[in-house]
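Good morning, colleagues. Please take a moment with the sequence and the structure before I begin.

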Amino acid sequence: MVAHLPKAAGKIEVKGISTPCTYSFQPDMFVLRVIDSLILEPDTPAQQTIAQPARPLHAKIFVPSYSAALHFELGGCKVNTSSPCALRVTLGSATLPSRSQKVLNCSGDCSGVLASPPWEKWLPITVESLSGPGTSISFQLKASFTVCKPDRASSFLSFYHSLNRSQEAPLPGGSPNATLLTGAGAAHNPLGQSSRCLRNQPVIREDLDVVSLHFRVLGDVGVPVQAEPPALLLFNLNSGMDSGGTLVLNLALNQTGWSLGNASVWACLSASSPVLSVNATRGCHTAFSQGYPLNVSTSSPDATLIIPYPETANWFLSLQLLCPEGVGECDKAKAQVSVVTLLSPCFDNCGTYGQCSLLGRSYPYAGCSCKAGWSGWSCTEDTKAQPVGTQILATLLLTLSNLFFLPAIAVALYHYHLVEASVYTFNMFFSTFYHACDQPGIAVMCIMDYDTLQFCDFFGSVVSIWVTVLCMARLEKTLKYVLCVLGTLFIAMSLQLDRRGVWNMMGPCLVALLIMIAAWVHRGVTRRDCYPPSWKRWAFFLCPGITLAVVAIMVYAFIQTKENYFYTHSIWHILVASSVAFLLPPGDKLQNPWDWSRKLLCRYQICKNDREELYAVT
C-alpha cells in the first residue's frame, strides 16, 4: 500500500516564505483468522455438517507443484427438513475480488474443475448454506488433482528445491501434500491428461542491485520449442522485495538453422501457476489470474512484454508451437527462441526525458520522474510534452539573459570597483552554464558536475548582492575588504547547510543594508545634510535601481511557476543585473576612472614625494 499526493500546482515558492503542509499516512490492517479450518486430503472424502446457516464451513487444501487441475466434488447432500439442499461453494478467497474466486451454486450434488491452480499455496474453500434458519445440512467433500509429470522430473524438482533454498523459501516437501509430486501421487490422473505434459528449462536468478536482477536460461543459446509438450521456464520473484521494479521479457526467434514454416510460437507468462495447455482458443489464463500472451513467427520474430510492479510470486513462461493446419503439421516444424528476462528499476532508464528514482523507505520501489511535460511509465507519453523549439528557446533565454551583467561589469570597471566586477563576472559565467545544464529536455550542456554548477550559481548570486550593498555604503577600504571576505565565507557555509533556504539570501541582504544605512546616517549626521547629497543621484540612479531590485524580488518570490519559469527567471536575471548597474556608486573623485588600466599594464612608475611638496617654500 502506497500513498501519493496529487500533482502539485506547479508554483515555485522560496523555501521559508510559505508554510509547507505536512501529511501523515497511517494505514491499519485488521486480520480475522479462522482457527478451526478443515484441512482436506486429496482423494479422501470428508463428511461435514452445517447446523447454523449463519456460520459457513471453512476448509483448505494445499496445491502442490505440477498440479494441472483441481477437481472438486460435493455429494451426499442431506437436509433435516423439506427444504432443498442449497449450498454455495467458493473456491479461492471469499473476500478478494471476483477474479480471485470461483463460485458454485449447488442444488444437491455438484462438482467443479480449476485449471492451473496456484502452486505451492493453500487454496481456501468456503461452503455456505442458502437454506432458511433451523436447517441442518450434511454433505461430503472430496478434492483430487490432475498431476502433470514433466520430462526429467527429478532433475527439475531438485533444481526447483535448490532455487527455493537459495531464496530461503519453504521446501515443497515440507507441505502436507508434497507427496503428490513423486511416486503414486504423480501417477494419479483422474482427468486422463498425459503423464508427460511439460518440458522444463532451468533458469538461474542473478541479483544485481536493489529491484534489479537478471534471469539466465541454462543450456543452449535458445529454448527449443515443440508442439507437445510445452516448454516451461520458472522466474522466481517471490523474495518479497521484487515487486518494486519493472519486469521485462523479450522473445527472439532464432531463424538460423530452424524451419518454422507457417507455424508460430505462442507464449504465456502467468503468475503463481503455469498454463500447461497453450493454445490460442483456450486463452492465456490460470484459475484466478489472466496471463500475458505473446506470439513470435517468421514474419514477426521479436516480442517484448513490460510489466510494471509485478506480483510477488513465482512466474511461469509456457512456450508451445501452434500450427494453423493442425498438430500433425507441427511435427515438421522446429523452433528455437531466445528468452531474455530481467527486473529493472525503470524500463529503459526512463528514456531521454525522465529520471529513475528509488522511492519508499522500508519497502523500496522505483518510479520515473518525467520532465518537459512527458509522462507515462517510462516517460514516453508525449501528449503534453514541450516541443523541441520551446526547449531551445527556454535554454537560450535563461542563458543569454545573463549577458545583461556586462553593463554592470563595465560600470564597475569604469569606477575602479575591481572586486565587484570580478564577482559579477563569476556570477554571470556560472549562472549561464548552470541554466544550460539545468534544462529538462534535450537542449542541455554541462561543463561541470551539476551540483558544482548549482552551488557556484547560488554562491555568486548572493555574494554579488553582498558586495554591491557594501560598495554603496562607501566604507573605508580596509573595513570594506574585511567585511567582503567574512561575508563571503559565511555565505559559503550557509549555502552548504541549506542551499534553497530563504535566509541564505535574506540574511546577507539585511546585514549589508544595516551596514549601509548606518554608514549613510553617520555621514548625514556628521555633514548635517542628506546623504547621498545630490538629488540627481537619487532621481537617476538610486530610485531606478531600487525599483528594479524590488520588482525582481517580487517576480522571484511570487510569480514564478514551473510553466513560466524560463521567461520569469530570465526577467529576474535582467532586472537584477540592470539594478546593479544603477546602484553602483561613482568612483573616487581624486582617482582617474581609467587609472586602474595604467597600474595593471605599466611596469614602472615615477614616484613623487608629497611631503617635500607640502613643505616647499616659494
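I shall speak about strand pairing and then about the annotated membrane spans. Please bear in mind throughout that this is a predicted model.

I begin with an open sheet of four strands, ordered β2-β9-β4-β7, in which the pairing is antiparallel. Its edges are formed by β2, residues 46-50, and β7, residues 110-115, each of which pairs on one side only. On average, neighbouring strands in this sheet are turned by 25° against each other, direction ignored. At the β2 edge, five bridges link β2 to β9, residues 137-147, in the antiparallel sense. Within that pairing, glutamine 47 has glutamine 140 of β9 as its bridge partner. As a general reminder, strands of a sheet pair through backbone hydrogen bonds.

Next, I turn to a hairpin. Strand β12, residues 203-209, runs antiparallel to β13, residues 212-217, and six bridges join them. Two residues lie between these strands, and valine 211 adopts a positive phi near 40°. Which residue of β13 stands opposite arginine 205? It is phenylalanine 215. Phenylalanine 215 also stands opposite threonine 341 in β21. Strand β21 comprises residues 335-344 and is joined to β13 by three bridges, again antiparallel.

Finally, the membrane annotation. The unreviewed UniProt entry assigns "transmembrane region" to residues 392-416, 503-526, 538-559 and 565-584. In the model, residues 538-559 are 100% helix and 0% strand, with end C-alpha atoms 29 Å apart. Residues 565-584 are 95% helix and 0% strand, and their end C-alpha atoms lie 28 Å apart.

Thank you for your attention.

Conventions: Residues numbered from 1 in each chain as written. Predicted model: local features only at pLDDT ≥ 70, side-chain atom pairs only at ≥ 80, totals over all residues. Heavy atoms only, no water. Pairing = 2+ DSSP bridges. Axes fitted to C-alpha atoms, helices over the stretch in contact; angles between N-to-C directions. UniProt positions renumbered as here; feature names shortened; annotations may be inferred.
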